[in-house]
Amino acid sequence: MKFDEYMHDSMKEIAQDVQPDPRMRARVMNAVQIERTKSRPRRMRFAVVAAAMVCVLVGGAFAAGPIVGLASSMNLNQMSTSLDDEAKVEKDAGFTVRLPETLNGASFDNMVAQPVDAIDADGNTVYSYQEFYASYRDGATQPFMTVIKSENDSDEGVSDKTIVDTREVDGITLTYREIPTIFLPPTKDAKPTAEEQAAADRGEMFISYGSDTREDGVYHVIDWDEDGLTYSINANDGDWTADDFFAAAEDVLNTEK
């Protein structure tokens with residue numbers, strides 16, 4: 001199909017000119033894009049195929065070869081807006097999670113189990129895994145929680161300079177990061193400066209492609225490992241402080257499975 005060929009060629013073209021970003025970046029941004037495509041957002045739009053599809057550049061050479069992106073695809077009708085459906089979504093994900101009704105006062109909005117494919121520059125799926133995703137609402141801040149099996153997680157390449165604070169709760173280490181982020185149109189002439197690219201190469205900044213114009217922001221994420229799962233609470237911009245993210249993490253930890 002011509003559209004498939006276009007997507008394939010575009011991915012290869014972008015991958016040639018852009019230094020890869022950390023894999024963690026792609027994982028959390030997939031969740032942002034799935035959430036925002038529902039309301040046709042003005043920021044950070046990526047290509048949408050069928051109900052939703054997201055591709056974010058990501059780096060790292062893994063056992064099966066070079067991974068240049070993660071793609072999530074699903075029918076938006078699969079999203080559940082009721083906490084009563086938690087067991088069903090957990091069954092789809094293949095694991096149980098701690099799912100609070102609120103995150104630091106933010107109200108639950110929806111949840112879904114979504115497949116994530118790791119893809120190479122030729123568009124081939126190298127491997128796949130399931131991600132549990134839950135979205136919350138709190139004014140200007142739209143936090144979301146993702147949970148995956150720890151074996152699928154990697155923040156390799158992310159600089160320790162992005163760490164704002166770490167705290168321990170009941171023997172579990174919580175790590176909170178603030179990562180400067182640049183979103184650029186997926187065109188050849190939309191490039192970061194040499195200084196920005198150098199910061200991205202050091203893991204101190206995220207550079208992603210897919211917006212209509214250049215957008216500068218800050219990505220906030222707190223994550224931790226528990227019982228073979230990696231939890232993360234994330235938000236792009238918004239008005240939450242570090243204390244808000246730690247409070248949200250404790251809301252999760254205090255929730256029974």
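A residue is called buried here when its relative accessible area is under 20%. By that yardstick, 51% of the 257 residues in this predicted model are buried. The accessible surface of the protein adds up to about 11,800 Å², and carbon and sulfur atoms hold 46% of that area. As for the overall build, the chain forms 5 helices and 13 strands. Plenty of its contacts reach across the sequence: of those with a separation of 6 or more, 69% join residues that are 24 or more positions apart.

Helix H5 (242–253) gives a good way into the packing. With 12 residues, H5 spans 17 Å from first C-alpha to last, close to the 16 Å expected at 1.5 Å a residue. Its buried residues are Ala242, Phe245, Phe246, Ala248, Ala249, Val252 and Leu253. They lie on the same side of H5, because the arc they cover around the axis is only 160°. The general background is simple enough: an α-helix has 3.6 residues a turn, so residues three or four places apart point the same way. And what do the buried residues of H5 pack against? Their partners are strands E5, E8 (144–149), E9 (163–169), E10 (172–184), E12 (215–226) and E13.

Two of those buried H5 residues, Phe245 and Phe246, turn up again among the aromatic rings. Searching the whole structure gives 6 aromatic pairs, and ring pairs tie Phe245 and Phe246 into a cluster with Tyr176 and Trp240. Phe246 has a charged companion as well: the charged end of Arg167 sits over the Phe246 ring, 4.0 Å from its centre.

Finally, a couple of loop residues have unusual backbone angles. Most residues other than glycine have a negative phi. Asn104 is not a glycine, yet its phi is positive, at about 50°. It is found in the loop between strand E5 (102–103) and strand E6 (106–119). Is Asn104 buried or partly exposed? Its relative accessible area is 23%, so Asn104 counts as partly exposed. Asp237 tells a similar story, with a positive phi near 60° in a residue other than glycine. Asp237 lies in the loop that runs between strand E13 (229–236) and helix H5. With a relative accessibility of 24%, Asp237 is partly exposed too.

Terms used
Residues are numbered from 1 along each chain as its sequence is written. This is a predicted model: local features need pLDDT of at least 70, side-chain atom pairs count only at pLDDT 80 or more; totals for chains, interfaces and linings use all residues. Side-chain values use heavy atoms; hydrogens and water are left out. Rings of Phe, Tyr and Trp (its six-membered ring) pair if their centres lie within 6.5 Å; planes under 30 degrees apart count as stacked, over 60 as edge-to-face and the rest as tilted. A charge sits over a ring if NZ of Lys or CZ of Arg is within 6 Å of the ring centre and within 35 degrees of the ring normal. Helices (H or I, at least four residues) and strands (E, at least two) are DSSP runs, numbered from the N terminus. Buried means under 20% relative accessible area, exposed over 50%, partly exposed in between (1.4 Å probe, protein chains only). Contact means heavy atoms within 4.5 Å. Accessible areas come from the Shrake-Rupley method with a 1.4 Å probe; for residues, only the protein chains shown count as cover. The expected span of a helix is 1.5 Å times one less than its number of residues. The arc is that of the directions from the helix axis to the C-beta atoms.
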